[in-house]
Amino acid sequence: DRMYCNGEIYYEKPDTEHYNIRHAFTVHSIQGESTDDKLFIDMRKLYDGQILYTALSRAKYYKQIYLII
């Protein structure tokens, strides 16, 4: 949700009734990897075209890519 987003790291359980543990990676940390899962790319903090290409190329199919603008 909006309380837990944009790169903030929390070490305590969020004060919500229902929550899911999710994992996020930087573009650099998964360079050279491919995924079959959904790929969410936050365009608000992406300023380099080469990084965008690297992020997009992690997906095997176009339908996996979700851009956050």
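**Group meeting: a walk through a β-α-β chain**

Okay, let's start with how much of this chain is tucked away: buried residues make up 13% of its 69 residues. Before I go on, please keep in mind that this is a predicted model. So much for the caveat.

Now the overall layout. We have one helix and two strands, and if you read along the sequence, they come in the order β-α-β. Strand E1 covers residues 39-42 and strand E2 covers residues 65-68, while helix H1 takes up 49-56. The accessible surface adds up to about 6,700 Å², and carbon and sulfur atoms account for 53% of that. One more overall number, on contacts: if you take those between residues at least 6 apart in sequence, 62% of them join residues at least 24 apart.

Let's look at the strands, then. How many aromatic pairs does the structure hold? Just one. Phe-40 and Tyr-66 have ring centres 5.0 Å apart and ring planes at 25°, and since planes under 30 degrees apart count as stacked, that is what we call this pair. The two residues come from distant parts of the chain: Phe-40 belongs to strand E1, Tyr-66 to strand E2, and they sit 26 residues apart. Are these rings buried or exposed? Phe-40 counts as exposed, with 51% relative accessibility, and the cut-off there is over 50%. Tyr-66 has 34%, so it counts as partly exposed.

Stay on strand E1 for a second, because Asp-42 is found there too, and it's partly exposed, with a relative accessible area of 24%. Asp-42 and Leu-67 are 25 residues apart in sequence, but from C-alpha to C-alpha the distance in space is 6.2 Å. And Asp-42 has a charged partner, which takes me to the next topic.

Salt bridges. There are two in the structure. In one of them, Arg-44 pairs with Asp-42, and the closest N and O atoms are 2.8 Å apart. You can also describe it as a polar contact between the side chains of Asp-42 and Arg-44, at 2.8 Å. Arg-44 is partly exposed, with a relative accessible area of 45%.

The other salt bridge is between Lys-60 and Asp-36, where the closest N and O atoms are 3.4 Å apart. This pair links distant parts of the chain: Lys-60 is in the loop between H1 and E2, Asp-36 is in the segment before E1, and the two are 24 residues apart. As for accessibility, Lys-60 is partly exposed at 48%, whereas Asp-36 counts as exposed at 55%.

Now for a residue I'd like you to click on: Arg-58. You'll find Arg-58 in the loop between helix H1 and E2. Which side chain of opposite charge is nearest to Arg-58? That would be Glu-33, at 7.4 Å. A salt bridge needs the nitrogen and the carboxyl oxygen within 4 Å, and Arg-58, although buried, has no salt bridge. What does the side chain of Arg-58 reach, then? The backbone oxygen of Thr-54, at 2.8 Å. If you leave out residues up to four places away in sequence, Arg-58 touches Ile-30, Gln-31, Gly-32, Glu-33, Ser-34, Thr-35 and Leu-39. Glu-33 shows up in that list of contacts, even though there's no salt bridge with Arg-58.

That brings us to Thr-54 itself, which is found in helix H1. Thr-54 is buried, with a relative accessible area of 13%. Leaving aside neighbours within four places in sequence, Thr-54 is in contact with Val-27 and Gln-31. Gln-31, you'll remember, is also one of the residues that Arg-58 touches.

Last stop, Val-27. Where does Val-27 lie? In the segment before E1. Not counting residues up to four places away in sequence, Val-27 touches Ile-51, Thr-54 and Ala-55. There's also a spacing you can check on screen: Val-27 and Ile-41 are 14 residues apart in sequence, and their C-alpha atoms are 9.2 Å apart in space.

To recap: the stacked pair is Phe-40 with Tyr-66, the salt bridges are Lys-60 with Asp-36 and Arg-44 with Asp-42, and buried Arg-58 goes without one. Okay, over to you.

Definitions and conventions: Residues are numbered from 1 along each chain as its sequence is written. This is a predicted model: local features need pLDDT of at least 70, side-chain atom pairs count only at pLDDT 80 or more; totals for chains, interfaces and linings use all residues. Side-chain values use heavy atoms; hydrogens and water are left out. Rings of Phe, Tyr and Trp (its six-membered ring) pair if their centres lie within 6.5 Å; planes under 30 degrees apart count as stacked, over 60 as edge-to-face and the rest as tilted. Helices (H or I, at least four residues) and strands (E, at least two) are DSSP runs, numbered from the N terminus. Buried means under 20% relative accessible area, exposed over 50%, partly exposed in between (1.4 Å probe, protein chains only). Lys and Arg count as positive and Asp and Glu as negative; His and the chain ends are not counted. A polar contact is a pair of N or O atoms within 3.5 Å; within protein, one must be able to donate a hydrogen and the other to accept it, and residues adjacent in sequence count only if both atoms are side-chain atoms. Contact means heavy atoms within 4.5 Å. Accessible areas come from the Shrake-Rupley method with a 1.4 Å probe; for residues, only the protein chains shown count as cover.
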